[in-house]
Amino acid sequence: MDFTKLSAALFLALCAQSTQAASTSEDEVAALNQCILNQAISGDDTRTIKEVREYCEQQVSALSQLDKRMARERVTEENRNVLTPHHRNYILPVSYIKNPNNRPFDGFADKANKEGEPLDNVEAKYQISLKLPIYHNFEDKDQAIYMGVTLQSYWQVYNKDISSPFRETNYEPEIFWVNFLDDENVLWGDEMAFVLGISHQSNGRSQPNSRSWNRIYANFIWEYDGFVFSFKPWYRLPEDEKPADNLAKGDDNPDIHKYMGYFELSGAYRFDNDHEVGMMLRNNAGGDNRGAVQLDWSFPISGRVRGYAQYFNGYGESLIDYNAHIQRLGLGIAITDLL
């Protein structure tokens, strides 16, 4: 590698960041810097620094939202000191639940309290979601196999009467293959991707509050004019019937499909002012019409720290509440977004 050329590219990337930041988004600056470094390492040796910059500015201006996310991820995937986000990473220090689900905690009731431990309407919620490429040496560089994990926790932090417990934590490890389609194979919109994976989701608890299920899923992702949509159907892997309710062996939640359904439809859009909105819809496609809706809004505060508001209404927000109707409104910060 030509060290002089790389040094010049690094200097150019810094200059690009300072001169472009006022007129372009943080994502575009990051993509521009990465393009310049890529050209320095493996690009045309006959190009001048000015030509490299003009080329990269042209490339970045044509990037879709999915392209920008891919560019950011490729930077982190090669850096062993950086973790790559999967889904959103956020914390809601304050979230209000209209009707908390006390039923799973009835077993903790003392003899004088027949209704179980009282849950506060206000609690904290957070999500940590990361992924790691485990194979990407495909001939098609737009394909890769990942291992991911998502942790979502619900914390009764303000409930001093019952010692502020973490009332529920869900863990979801998964392995999935992703393929971003070439332009000639895009059936509709500007970009398309296909994901195929298998996941296990559990709350890691013992009986009688153990909840878990295993799924094989597909995810069809496409982008049109800046709007990114996702259609994720799944098949639940069957489990044996539980011989007795207090035994670990067998299906903890045989009716979960009646509340979680068989698919999830989601979407996101990022405005020019760096605000991002998103939605998630889920339905069991049955006569009782059980499902869920989630609305998301993130907005800039300072640097990578972003404000984040979330509204949820329906079934299956967490595994312990899969068969309880939950309505929640939360406010906090997002560390990473979808786009």
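Which residue in β5 is the bridge partner of Gln-152? In this predicted model, the partner is Asn-170. The pairing belongs to a longer run of contacts between two strands: β4, covering residues 143-155, and β5, covering residues 166-180, are joined by 13 bridges in the antiparallel sense. On from there, β5 also pairs with β6, a strand spanning residues 191-202. These two run antiparallel as well, with 8 bridges between them. One handy point of reference here is Phe-176, whose bridge partner in β6 is Gly-197. Strand β5 thus has a listed partner on the β4 side, where Asn-170 meets Gln-152, and another on the β6 side, where Phe-176 meets Gly-197.

Strand β6 appears again in a nonpolar patch on the surface. The patch is formed by Leu-132, Ile-134, Tyr-135, Met-147, Ile-175, Leu-196, Ile-198, Ile-216 and Tyr-235, and together these residues have about 830 Å² of accessible area. Both β3, which covers residues 122-135, and β6 supply at least two residues each. The largest share comes from β3, with 3 residues. Among the patch members, Leu-132 is worth a closer look: this residue lies in strand β3 and counts as partly exposed, because its relative accessible area is 45%, a value between the 20% and 50% cut-offs. In a regular strand, side chains alternate between the two faces of the sheet.

Another partly exposed residue is Val-94, found in strand β2, which runs over residues 89-97. Its relative accessibility is 44%, so the residue falls in the partly exposed class. Beyond its neighbours within four places in sequence, Val-94 is in contact with Val-122, Glu-123, Tyr-158, Leu-329, Gly-330 and Leu-331. The contact with Gly-330 brings together distant parts of the sequence: the two residues are 236 residues apart along the chain, yet their C-alpha atoms are 5.8 Å apart in space.

Helix α4 offers a different kind of element to inspect, made up of the 13 residues from 65 to 77. From its first C-alpha to its last, the helix reaches 18 Å, close to the 18 Å expected at 1.5 Å a residue. Most of α4 is covered, with 10 of its 13 residues buried. The buried set begins with the run Gln-65, Leu-66, Asp-67, Lys-68, Arg-69, Met-70 and Ala-71, and also includes Glu-73, Thr-76 and Glu-77. Charged residues are therefore among those that fall under the 20% cut-off for burial, including Asp-67, Lys-68 and Arg-69.

Notes
Residues numbered from 1 in each chain as written. Predicted model: local features only at pLDDT ≥ 70, side-chain atom pairs only at ≥ 80, totals over all residues. Heavy atoms only, no water. Helix = DSSP H or I, 4+ residues; strand = E, 2+ residues; numbered from the N terminus. Buried < 20%, exposed > 50% of the residue type's maximum accessible area, 1.4 Å probe, protein only. Contact = heavy atoms within 4.5 Å. Pairing = 2+ DSSP bridges. Expected span 1.5 Å × (residues − 1). Patch = residues over 30% accessible without salt bridge, like charges linked within 9 Å, V, L, I, M, F, W, Y side chains within 5 Å. Areas by Shrake-Rupley, 256 points an atom, 1.4 Å probe, with all protein chains shown as cover. Salt bridge = Lys/Arg side-chain N within 4 Å of Asp/Glu carboxyl O.
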